[in-house]
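Reader: I would like a close look at one part of this protein: the salt bridges that tie its strands together. Please set them in the context of the whole fold, and take me through them one residue at a time.

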Amino acid sequence: MSKYYEYLHTVGFEETNLVGNVYYVNYLRWQGRCREMFLKERAPEVLADLQDDLKLFTLKVDCEFFAEITAFDELSIRMRLLELGQTQVEFGFDYVRLGKGEGEGETLIARGRQRVACMRGPNTRTAPARVPEPLVRALEPYAN
């Protein structure tokens, strides 16, 4: 089993700037999308809990860029678990351009991180909460 959860994405024109490169904010969107798809596929109980009173607050996000990508590049956004605390989770993301033809390898385009806090309660009295057990179990295979 691979040590990362993979979300595949094809870059569209709407994600590029006037020069034709991907606009930086899209990398952060892809982190969120990867995390959402992980929850949908690997921890659906957490999605149900989010409908109740669980909240996942993104505390910190960053991304370091190594190369440019453009429309119709095929990407693999690979999420792995960097740290699992009692109330917080830190994810790492590798953005990899996939080869378009035979003999073309993969290229690491960017690397990002995201720290998330689990909270519960009404919006006016939200308090830190333990990482839900279904999420802990779902994350186990992706630990560094």
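Author: Buried residues account for 42% of the 144 residues in this predicted model. The protein has three helices and six strands. Read from the N terminus, the order of elements is β-α-α-β-β-β-β-β-α. The C-alpha trace spans about 50 × 35 × 25 Å along its principal axes.

Now the salt bridges. Side chains of opposite charge can pair when their charged atoms come close. In this protein the count comes to eleven salt bridges. Start with arginine 78. Its side chain meets that of glutamate 6 in a salt bridge, at 3.6 Å from N to O. This pair links distant parts of the chain: glutamate 6 sits in strand E1, arginine 78 in strand E3, and their positions lie 72 residues apart in sequence. Arginine 78 also forms a salt bridge with glutamate 106, where the closest N and O atoms are 2.8 Å apart. That pair, too, links distant parts of the chain. Arginine 78 is in strand E3, while glutamate 106 is in the loop between E4 and E5, 28 residues apart.

How does burial look for these partners? Arginine 78 has 10% relative accessibility, so it counts as buried, the cut-off being under 20%. Glutamate 6 has a relative accessible area of 34%, and is therefore partly exposed. Glutamate 106 reaches 52%, so it counts as exposed, the cut-off being over 50%. A buried arginine 78 thus has one partly exposed partner, glutamate 6, and one exposed partner, glutamate 106.

Next, move to strands E4 and E5. Glutamate 90 forms a salt bridge with arginine 115, and their closest N and O atoms are 2.7 Å apart. Glutamate 90 belongs to strand E4 and arginine 115 to strand E5, 25 residues apart, so this pair links distant parts of the chain. Both glutamate 90 and arginine 115 are buried. They also belong to a wider set: Glu83, Glu90, Arg113 and Arg115 are linked in a network of salt bridges.

Strands E4 and E5 appear again at the cavity. The structure holds one cavity of 30 Å³ or more. The volume of the largest cavity is about 50 Å³. Its lining is made by Arg35, Leu39, Leu56, Val89, Phe91, Val116, Cys118 and Leu135. Three elements give two or more residues to that lining: H1, strand E4 (88-97) and strand E5 (107-120). By class, the lining has seven nonpolar residues, no polar residues and one charged residue.

Back to strand E1, the home of glutamate 6. Histidine 9 lies in strand E1 as well. At 13% relative accessibility, histidine 9 counts as buried. Its C-alpha atom is separated by 5.1 Å from that of leucine 75, though the two are 66 residues apart along the chain.

The loop between strand E2 (54-65) and strand E3 (74-84) deserves a look too. Phenylalanine 66 is found there. It has 42% relative accessibility and counts as partly exposed. From C-alpha to C-alpha, phenylalanine 66 and threonine 107 are 9.5 Å apart in space, and 41 residues apart in sequence. Phenylalanine 72 lies in the loop between E2 and E3 as well. Most residues other than glycine have a negative phi. Phenylalanine 72 is not a glycine, yet it has a positive phi of about 75°. With a relative accessible area of 49%, phenylalanine 72 is partly exposed.

Last, the surface. Tyr23, Tyr24 and Phe65 make a nonpolar surface patch of about 330 Å². Tyrosine 23 is in the loop between strand E1 (5-10) and helix H1 (25-42). At 40% relative accessibility, tyrosine 23 counts as partly exposed.

To return to your request: arginine 78 pairs with glutamate 6 and with glutamate 106. Glutamate 90 pairs with arginine 115, and these two are part of the network with Glu83 and Arg113.

Conventions. Residues are numbered from 1 along each chain as its sequence is written. This is a predicted model: local features need pLDDT of at least 70, side-chain atom pairs count only at pLDDT 80 or more; totals for chains, interfaces and linings use all residues. Side-chain values use heavy atoms; hydrogens and water are left out. Patches are made of residues with over 30% relative accessible area and no salt bridge: like charges are joined within 9 Å, nonpolar side chains (Val, Leu, Ile, Met, Phe, Trp, Tyr) within 5 Å. Accessible areas come from the Shrake-Rupley method with a 1.4 Å probe; for residues, only the protein chains shown count as cover. A salt bridge is a side-chain nitrogen of Lys or Arg within 4 Å of a carboxyl oxygen of Asp or Glu. Helices (H or I, at least four residues) and strands (E, at least two) are DSSP runs, numbered from the N terminus. Buried means under 20% relative accessible area, exposed over 50%, partly exposed in between (1.4 Å probe, protein chains only). On a 1 Å grid over the protein atoms alone, a cavity is a set of points where a 1.4 Å probe fits but cannot get out, and a pocket is an open set with protein on both sides within 12 Å along at least five of seven lines; lining residues have an atom within 4 Å of a point. Grid points are joined across faces, edges and corners, and a volume is the space filled by probe spheres set on the points. Ala, Val, Leu, Ile, Met, Phe, Trp, Tyr, Cys and Pro count as nonpolar, Asp, Glu, Lys and Arg as charged, and the others, Gly among them, as polar.
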